[in-house]
Amino acid sequence: MRKAKPKKRVIIPDPVYGEVMVAKFVNHLMLDGKKNTAYSVFYTALETVGQKVKDADKSALELWKQALDNVTPLVEVKSKRIGGATFQVPTEIRPDRKESIAMKNMIAFARKRGGHSMAEKLAAEIMDALNSQGGAFKRKEDMHRMAEANRAFAHFRF
């Protein structure tokens, strides 16, 4: 390599839960640098999820983490050009990329939803992810299906 790898930025944990994962999610959720707005949307969505799910042993944050796990893909397909032909080669995803893809998918499908506020849309998407349904979960299933269909080209992985 010509240059050294860039240093990983240190992400400061969020103020309420002290979780780095929440801070990353809010960074993905944020638009136009409005972090306080993004935090308020996220916390409102978590409160809504906590009220809707009457599960005494799990907090809203644990429910959100479980929902995120439900929409986290394990494999993806990457295009590789070999001898003039382009193959969709299934590859495993790095842990940090898995987390990022899951967060981005959940936020993207929450934005597409119908609803009044972003907090309501996000809460509905979290609820759907908990129940293994919704747009983000379907995207994960589609990624896995594509990888399974192209399993024959896995030997091109290098």
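Select Phe156 and display the residues around it: beyond four places in sequence, Phe156 touches Lys80, Ile82, Phe87 and Val89. The model is predicted. Phe156 is found in the segment that follows helix H6, residues 135-149. Its relative accessibility is 17%, and because buried means under 20%, Phe156 counts as buried. For a sense of distance, select Asp128 as well: its C-alpha lies 36 Å from that of Phe156, although 28 residues separate the two in sequence.

Next, select strands S1 (residues 75-82) and S2 (residues 85-92). These strands run antiparallel and are joined by eight bridges. Within this pairing, Val77 of the hairpin stands opposite Pro90 in S2. Now move to the turn, where two residues lie between the strands; Gly83 there takes a positive phi near 60°.

Proceed to helix H6 and select Lys140, which lies in that helix. Is Lys140 buried or exposed? Lys140 is buried, yet it has no salt bridge. The nearest side chain of opposite charge belongs to Glu141, at 4.3 Å; a salt bridge requires the charged atoms to be within 4 Å, so this pair does not qualify. Apart from neighbours within four places in sequence, Lys140 is in contact with Asn70, Val71, Thr72 and Pro73.

Asn70 leads to the final stop, helix H3, which comprises residues 60-70. Colour its buried residues: Ala60, Leu61, Leu63, Trp64, Ala67, Leu68 and Asn70. Then show the helices against which these buried residues pack, namely H1 (20-29), H2 (35-52), H4 (95-112), H5 (118-130) and H6.

Technical notes. Residues numbered from 1 in each chain as written. Predicted model: local features only at pLDDT ≥ 70, side-chain atom pairs only at ≥ 80, totals over all residues. Heavy atoms only, no water. Helix = DSSP H or I, 4+ residues; strand = E, 2+ residues; numbered from the N terminus. Buried < 20%, exposed > 50% of the residue type's maximum accessible area, 1.4 Å probe, protein only. Contact = heavy atoms within 4.5 Å. Lys, Arg positive; Asp, Glu negative; His and termini not counted. Pairing = 2+ DSSP bridges.
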